[in-house]
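This report concerns a ligand site in a protein model and one residue of a loop. Please consult the sequence and structure shown here.

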Amino acid sequence: MKQLIDRFERSIDYVRLSVTDRCDLRCVYCMPKGFKDFEEPEHWLSFAEIERVIAAFARLGTKRVRITGGEPLVRKDLPQLAARLAALPGIEDLSLSTNATRLAKHAVELHDAGIRRINVSLDSLQSARFKDITGGKLDKVLDGLMAAKTAGFAPIKINMVVMKDVNVDEVETMVDFCIEHGFTLRFIETMPMGDTGRAATDRFVDLHTVKARLAQRFELLPGVMPGGGPARYVQVAGTDLRIGFITPLSQHFCETCNRVRLSVDGTLYMCLGQEHRFELRPLLRAGCTDAELDAAILHAIDLKPERHEFNEKPEQVLRFMSMTGG
Ligand code: SAM
Ligand code: SF4
């Protein structure tokens, strides 16, 4: 069986696919208020081009794809793309990251298309605070989440970026909310991506302190979560709740990194925290063969750096998370 192995012996079997760099929210740590400098539509990979690249990854051993952005549901006809990707030979697991503002409308269609697992960003359960952080309406997100539950998505993971003096006081409330609804919860440390991410690191919270705080109220048992992502999990005793801690800064997990990111303009980003990249769009539009496409991906994998340098060089990454596909 074919496999993509990088220079550091890591098996790369997971693609995060950004279908747009646009978004209907402006989370403080991600995209600046009023930001409109988006990729030109003629540079967006078409559905056929995306399908071709993902088919190439599947030939090279990739089994898992996560659709992300920007906000993926602002890309028109996303369920159609999802259905095409889910049908590709070799793709066994298709998932979605979304802010859920448009999920109520699309949940059933997305589930029918073959998406089973979704991650939803939710940083606060207080409407005014949610608006301050994201510029959006909490009610819409909660409606989206409940529609996802009804549609049968499992697991549904809540992603909460924890920030000092912003929402760290809500971690226990979020635990209760996730126990009540059967969601999985993941806490995330702010990353210095773009000016917005760097500004948010002033609010940085080391998640080890959050875990210690939760341990005072809940009995936390060592836990695992299928999927092999970067989160380290615990289980809350007496409940089904698993809590993941994504700690890129306080405890990086680069030695087990298994992923690359494809941005909306067809650039493969080899690391969230580095500039190493390879542009596939020129090749695709020049009519490359499948063999040439596979060779280009193999070459790109060789460019993957050993680790990010968010701590050593926080000024390094100019692009916001939404531009790479977080
Ligand atoms: N719009 C979708 C969403 O919000 O889930 C998908 C894309 S979003 C860029 C993916 C994830 O990146 C979200 O969970 C968001 O909280 C996280 N994110 C964005 N900027 C970040 C930053 N500077 N530090 C840490 N996490 C960040
Ligand atoms: Fe949009 Fe997601 Fe970035 Fe928030 S984190 S601005 S929802 S892309």
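The text below treats the surroundings of the ligand and then a single threonine.

The model is predicted: local features require pLDDT of at least 70, side-chain atom pairs count only at pLDDT 80 or more, and totals for chains, interfaces and linings use all residues. Residues are numbered from 1 along each chain as its sequence is written, chains are lettered from A and ligands numbered from 1 in the order in which they are written, and side-chain values use heavy atoms, with hydrogens and water left out.

**Ligand 1**

Ligand 1 is surrounded by 19 residues, a residue being near if one of its heavy atoms lies within 4 Å. The closest are Tyr29, Gly70, Glu71, Ser121 and Met191. By class, the shell comprises six nonpolar, 11 polar (Gly counts here) and two charged residues. The table gives polar contacts, that is, pairs of N or O atoms within 3.5 Å.

| Backbone partner | Ligand 1 atom | Distance |
|---|---|---|
| Tyr29 | nitrogen | 3.0 Å |
| Gly70 | nitrogen | 3.0 Å |
| Met191 | nitrogen | 2.8 Å |

The protein buries 94% of the 550 Å² that ligand 1 exposes when taken alone (Shrake-Rupley method, 1.4 Å probe). Strand E3 (93–98) and strand E5 (156–161) are the elements that each give two or more residues to this shell; strands are DSSP runs of at least two residues.

**Threonine 190**

Threonine 190 belongs to the loop between strand E6 (184–188) and helix H7 (194–200), helices being DSSP runs (H or I) of at least four residues. Its relative accessible area is 2%, so threonine 190 is buried (under 20%; 1.4 Å probe, protein chains only). Beyond neighbours within four places in sequence, threonine 190 contacts Val161, Val162, Met163, Ala200, Thr201, Phe204 and Leu249, with contact meaning heavy atoms within 4.5 Å.

Key: Polar contact = N/O pair within 3.5 Å; in protein donor to acceptor, adjacent residues only side chain to side chain. Buried < 20%, exposed > 50% of the residue type's maximum accessible area, 1.4 Å probe, protein only.
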